[in-house]
Amino acid sequence: MKNTVLKKAAFGLFATTLLATAALGLTAHTAQASDDYCNVPKSEWQSMDALKEKLTAEGWDVRKIKEDEGCYEVYAVKADGKKVEAYFNPATFELVKEDD
């Protein structure tokens with residue numbers, strides 16, 4: 001009986017470790033994917049003022065724009081009144097990520 005309990009405990013520990021490792025791998029992959037969108041040479045970047053103009057024309061109330069790990073990070077209030085933290089590719093102004 002001890003042998004069976006010990007085997008089940010070892011299997012449970014192995015399964016937990018395997019799931020935790022897989023979860024960490026997926027999280028790291030997701031973070032890397034968003035970083036790839038902003039991997040643009042500085043010479044190709046458009047200005048923060050141009051991004052602010054674009055977003056303002058779309059009804060955003062832009063509070064702050066800063067550079068963050070190769071992206072433009074924007075703090076704003078959208079036209080629908082929702083506060084947002086958004087990340088944009090600095091060359092194309094493509095929305096990369098948005099947090100409410």
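This is a short tutorial dialogue on reading a few features of a predicted model.

User: Before we start, what should I know about the numbering and the cut-offs in this predicted model?

Analyst: Residues are numbered from 1 along each chain as its sequence is written, and side-chain values use heavy atoms, with hydrogens and water left out. Since the model is predicted, local features need pLDDT of at least 70 and side-chain atom pairs count only at pLDDT 80 or more, while totals for chains, interfaces and linings use all residues.

User: OK, the sheet. In what order do the four strands come, and how do they pair?

Analyst: Strands (E, at least two residues) and helices (H or I, at least four) are DSSP runs numbered from the N terminus, and two strands pair if DSSP finds at least two bridges between them. Here the sheet is open, ordered 1-2-3-4, with antiparallel pairing. Strand 1 and strand 4 (95–99) are the edges; each has a single partner strand, so one side of each has no neighbour in the sheet. Strand 3 and strand 4 are joined by four bridges, and Glu-85 stands opposite Asp-99 in strand 4.

User: What packs on that sheet, and at what angle to strand 1?

Analyst: Angles run from 0 to 180 degrees between N-to-C directions, with axes fitted to C-alpha atoms, for helices over the stretch in contact; contact means heavy atoms within 4.5 Å. In this case helix 2 touches strand 1, strand 2 and strand 3, and its direction makes about 145 degrees with that of strand 1.

User: How many residues does the largest nonpolar core have?

Analyst: A nonpolar core is a set of buried Ala, Val, Leu, Ile, Met, Phe, Trp, Tyr and Cys residues joined through side-chain atoms within 4.5 Å. Buried means under 20% relative accessible area, exposed over 50%, partly exposed in between (1.4 Å probe, protein chains only). This core has 15 residues, and Leu-51, Trp-60 and Phe-88 are among those with the most contacts inside it. Beyond four places in sequence, Leu-51 touches Ile-65, Tyr-72, Val-74, Phe-88 and Phe-93.

User: And phi: what is the usual sign outside glycine?

Analyst: Most residues other than glycine have a negative phi. Two cases here go positive: Glu-69, near 50 degrees, and Phe-93, about 65 degrees. Glu-69 lies in the loop between strand 1 and strand 2, and Phe-93 in the loop between strand 3 and strand 4.

User: Are they buried or exposed?

Analyst: Glu-69 is exposed, at 64% relative accessible area, whereas Phe-93 is buried, at 8%.
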